[in-house]
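Q: Could you please walk me through this structure? I would like to begin with the strands and then turn to one residue.

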Amino acid sequence: MLTSVDPDVIRALGDPLRLRIVTLLARETLCTTHLVEETGAKQTNLSNHLKVLREAGLVETEPCGRFTYYRLRPEVLAGLSEHFAALAASARAAGENKRACP
């Protein structure tokens, strides 16, 4: 059975810089300064992308003094993975199913 995925999650991952941020956060929890160094993006641009990722539920924040650290929410990515795995299984099962034209 196919489960639904929040379209905001897919939209959030559709941007190359946001996908890069998610890839970096998959390895470790990072603050904005680290992400600026790793991506070369401007801090304001990066902050806007992090906001999109937070609103989509992909990342969460942890204040630490004057810095904010970001970490992935693996359960969201796992849900997305399960959704695409179910789509792949459905496509394999559909095989030669073809609806006739009227």
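**Strands and a histidine**

Q: Which residue stands opposite leucine 30?
A: Leucine 30 lies opposite tyrosine 70 in S3. This is a predicted model, in which local features need pLDDT of at least 70, side-chain atom pairs count only at pLDDT 80 or more, and totals for chains, interfaces and linings use all residues. Residues are numbered from 1 along each chain as its sequence is written, and side-chain values use heavy atoms, with hydrogens and water left out.

Q: In what order do the three strands form the sheet?
A: The open sheet has the order S1-S3-S2, with antiparallel pairing. Strands are DSSP runs (E, at least two residues), numbered from the N terminus, and two strands pair if DSSP finds at least two bridges between them.

Q: Which strands stand at the edges?
A: S1 (30–31) and S2 (59–64) do; each has a single partner strand, so one side of each is left without a neighbour in the sheet.

Q: How many bridges join S2 to S3?
A: Six bridges join them; in one pair, glutamate 62 has tyrosine 69 in S3 as its bridge partner.

Q: And what lies between S2 and S3 in the hairpin?
A: Two residues lie between them, and glycine 65 in the turn has a positive phi of about 65°.

Q: New topic: is histidine 49 buried or exposed?
A: Histidine 49 is buried (under 20% relative accessible area, 1.4 Å probe, protein chains only), at 11%.

Key: Helices (H or I, at least four residues) and strands (E, at least two) are DSSP runs, numbered from the N terminus. Buried means under 20% relative accessible area, exposed over 50%, partly exposed in between (1.4 Å probe, protein chains only).
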